[in-house]
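Please open the model in your viewer and keep the sequence panel visible. The tour below proceeds by selection, one stop after another.

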Amino acid sequence: MAASTLGSAWGPLRLGVTSLCCRRPPRGLWARVRRLPGFPGPAGSGRSVAAASGPGASGTDQYCMELLRKRDYESYLCSLLLPAQSRSSAFALRAFNVELAQVKDSVSEKTIGLMRMQFWKKTVDDIYSDNPPHQPVAIELWKAVKRHNLTKRWLMKIIDEREKNLDDKAYHNIQELENYAENTQSSLLYLTLEILGVKDLHADHAASHIGKAQGIVTCLRATPYHGTRRRVFLPMDICMLARSFHKSVPVKAFPAFLQTVALEDYLKKIQQVDFDIFHPSLQQRNTLLPLFLYVQSWRKRY
């Protein structure tokens with residue numbers, strides 16, 4: 001598919017980056033962003049990461065935040081911008097996802113990976129029996145489940161899908177990739193909505209499509225690392241359909257979808273390099289991402 005053809009379909013994909021200048025943010029916004037707990041740079045260097053969850057942050061809480069900051073920086077930034085009462089639970093949920101995601105790359109044999117997944121299946125069962133193991137992420141996830149009455153099947157779907165993915169087989173078609181993204185990324189968003197106390201059909205629909213889009217973009221971003229393909233066609237329809245739910249989604253649900261800012265940032269960059277997913281610039285972190293996220297959080301947009 002020619003780049004010009006893709007470019008002509010790009011119009012509806014204004015999820016946040018290019019529209020940041022459409023409405024002027026309040027004066028002193030950049031300074032306020034740099035004072036966010038855990039924000040990189042001199043203004044935030046004197047503050048502990050633990051401050052992100054308030055004065056009562058525990059050792060297990062800090063463990064989850066540090067794990068997320070090191071292994072999933074974009075989710076870390078998005079979690080910082082959630083309401084204070086939801087933040088520690090979001091860190092726990094995303095740390096749980098990191099633990100599962102890194103199993104595949106940290107084991108040399110599939111059997112060992114299956115054992116790790118079995119551990120997490122038993123852990124979730126034990127969490128819902130009020131008997132979590134003495135593991136930092138498990139303890140924080142148990143607190144989140146107790147605090148927000150999280151749905152067990154979404155946690156199990158994430159584990160089951162990650163377990164199937166241990167086979168390291170290529171996706172046969174886009175439908176398989178969508179199913180994987182739905183059971184992992186969308187499940188995380190459903191749980192995030194529960195953490196935010198949102199029960200809304202439109203928000204659930206948005207979470208489904210945003211999760212699929214996020215999973216596909218994650219696959220694209222990982223392609224140079226895995227070195228499996230040199231040509232991938234971006235499924236534009238999923239991204240546009242996710243955006244179509246914007247007006248129907250309640251404002252309270254918007255923080256759950258802040259990662260669309262990072263998603264669009266990558267889509268814009270890949271367009272600028274003529275859809276070369278191996279271009280070195282795509283591997284560089286956007287230092288302005290915290291500002292973009294903060295502005296969208298302030299505007300209540302995704």
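Select Leu-293 first. With a relative accessible area of 1%, Leu-293 is buried, since buried means under 20%. This residue belongs to helix 14, which covers residues 289-299. The model in view is a predicted one.

Which residues does Leu-293 touch, not counting residues up to four places away in sequence? Display the side chains of Leu-77, Cys-78, Leu-81, Leu-258 and Val-261 to see them. Next, add Glu-74 to the selection: Leu-293 and Glu-74 are 219 residues apart along the chain, yet 9.5 Å separates their C-alpha atoms.

**Helix 4**

Select residues 73-80, which form helix 4. This helix is mostly covered, with seven of its eight residues buried. The buried residues of helix 4 are Tyr-73, Ser-75, Tyr-76, Leu-77, Cys-78, Ser-79 and Leu-80. Leu-77 and Cys-78 were met at the previous stop, as residues that Leu-293 touches.

Now keep Tyr-73 and Tyr-76 and add Phe-91. These three residues form one aromatic cluster.

**Helix 3 against helix 8**

Colour residues 59-71 as helix 3 and residues 136-148 as helix 8. The two helices pack with their axes 8 Å apart, at an angle of about 105°. Helix 3 is therefore roughly perpendicular to helix 8, because angles of 65 to 115 degrees fall in that class.

Which residues meet where helix 3 and helix 8 come together? On the side of helix 3, select Thr-60, Asp-61, Tyr-63, Cys-64 and Leu-67. On the side of helix 8, select Pro-136, Val-137, Ile-139, Glu-140 and Lys-143. Sorted by type, the residues of this contact comprise six nonpolar, one polar and three charged.

**Two loops beside helix 8**

Move to Asp-130, in the loop between helix 7 (110-127) and helix 8. Asp-130 has a positive phi of about 60°, although it is not a glycine. Its relative accessibility is 44%, so Asp-130 counts as partly exposed.

Then select Asn-149, which lies in the loop between helix 8 and helix 9. Asn-149 also has a positive phi, of about 55°, and is not a glycine. Is Asn-149 buried or exposed? Its relative accessibility of 63% makes it exposed, because the class begins over 50%.

**Aromatic pairs**

The model contains five aromatic pairs, counted by the distance between ring centres. Two of them are worth a stop here.

Begin with Phe-119 and Trp-120. Their ring centres are 5.2 Å apart and their planes stand at 75°, so the pair is edge-to-face. Phe-119 is partly exposed, at 36% relative accessibility, whereas Trp-120 is buried, at 2%.

Continue with Trp-154 and Tyr-190. Here the ring centres lie 4.6 Å apart and the planes meet at 45°, so this pair is tilted. The pair links distant parts of the chain, for Trp-154 is in helix 9 (residues 152-164), Tyr-190 is in helix 10 (residues 174-195), and 36 residues separate them. Trp-154 is buried at 15% relative accessibility, and Tyr-190 is buried at 10%.

Leave Trp-154 on display and add Arg-153. The charged end of Arg-153 sits over the ring of Trp-154, 4.5 Å from the centre of that ring.

**Helix 11**

Select Ile-216, found in helix 11, which spans residues 201-226. Ile-216 has a relative accessible area of 5% and is buried. Add Gln-185 and compare the two positions: they are 31 residues apart in sequence, and 9.9 Å apart in space from C-alpha to C-alpha.

**The whole chain**

Finally, clear the selection and show the protein as a cartoon. How many helices and strands does the protein have? There are 14 helices and zero strands, and from the N terminus on every element in the order is α. Colour the residues by accessibility next: of the 302 residues in the protein, 52% are buried. Consider, last, the contacts with a separation of 6 or more: residues 24 or more positions apart account for 74% of them.

Definitions and conventions. Residues are numbered from 1 along each chain as its sequence is written. This is a predicted model: local features need pLDDT of at least 70, side-chain atom pairs count only at pLDDT 80 or more; totals for chains, interfaces and linings use all residues. Side-chain values use heavy atoms; hydrogens and water are left out. Axes are lines fitted to C-alpha atoms, for helices over the stretch in contact, and angles run from 0 to 180 degrees between N-to-C directions. Helices (H or I, at least four residues) and strands (E, at least two) are DSSP runs, numbered from the N terminus. Angles under 35 degrees count as roughly parallel, over 145 as roughly antiparallel, 65 to 115 as roughly perpendicular and the rest as oblique. Contact means heavy atoms within 4.5 Å. Ala, Val, Leu, Ile, Met, Phe, Trp, Tyr, Cys and Pro count as nonpolar, Asp, Glu, Lys and Arg as charged, and the others, Gly among them, as polar. Rings of Phe, Tyr and Trp (its six-membered ring) pair if their centres lie within 6.5 Å; planes under 30 degrees apart count as stacked, over 60 as edge-to-face and the rest as tilted. Buried means under 20% relative accessible area, exposed over 50%, partly exposed in between (1.4 Å probe, protein chains only). A charge sits over a ring if NZ of Lys or CZ of Arg is within 6 Å of the ring centre and within 35 degrees of the ring normal.
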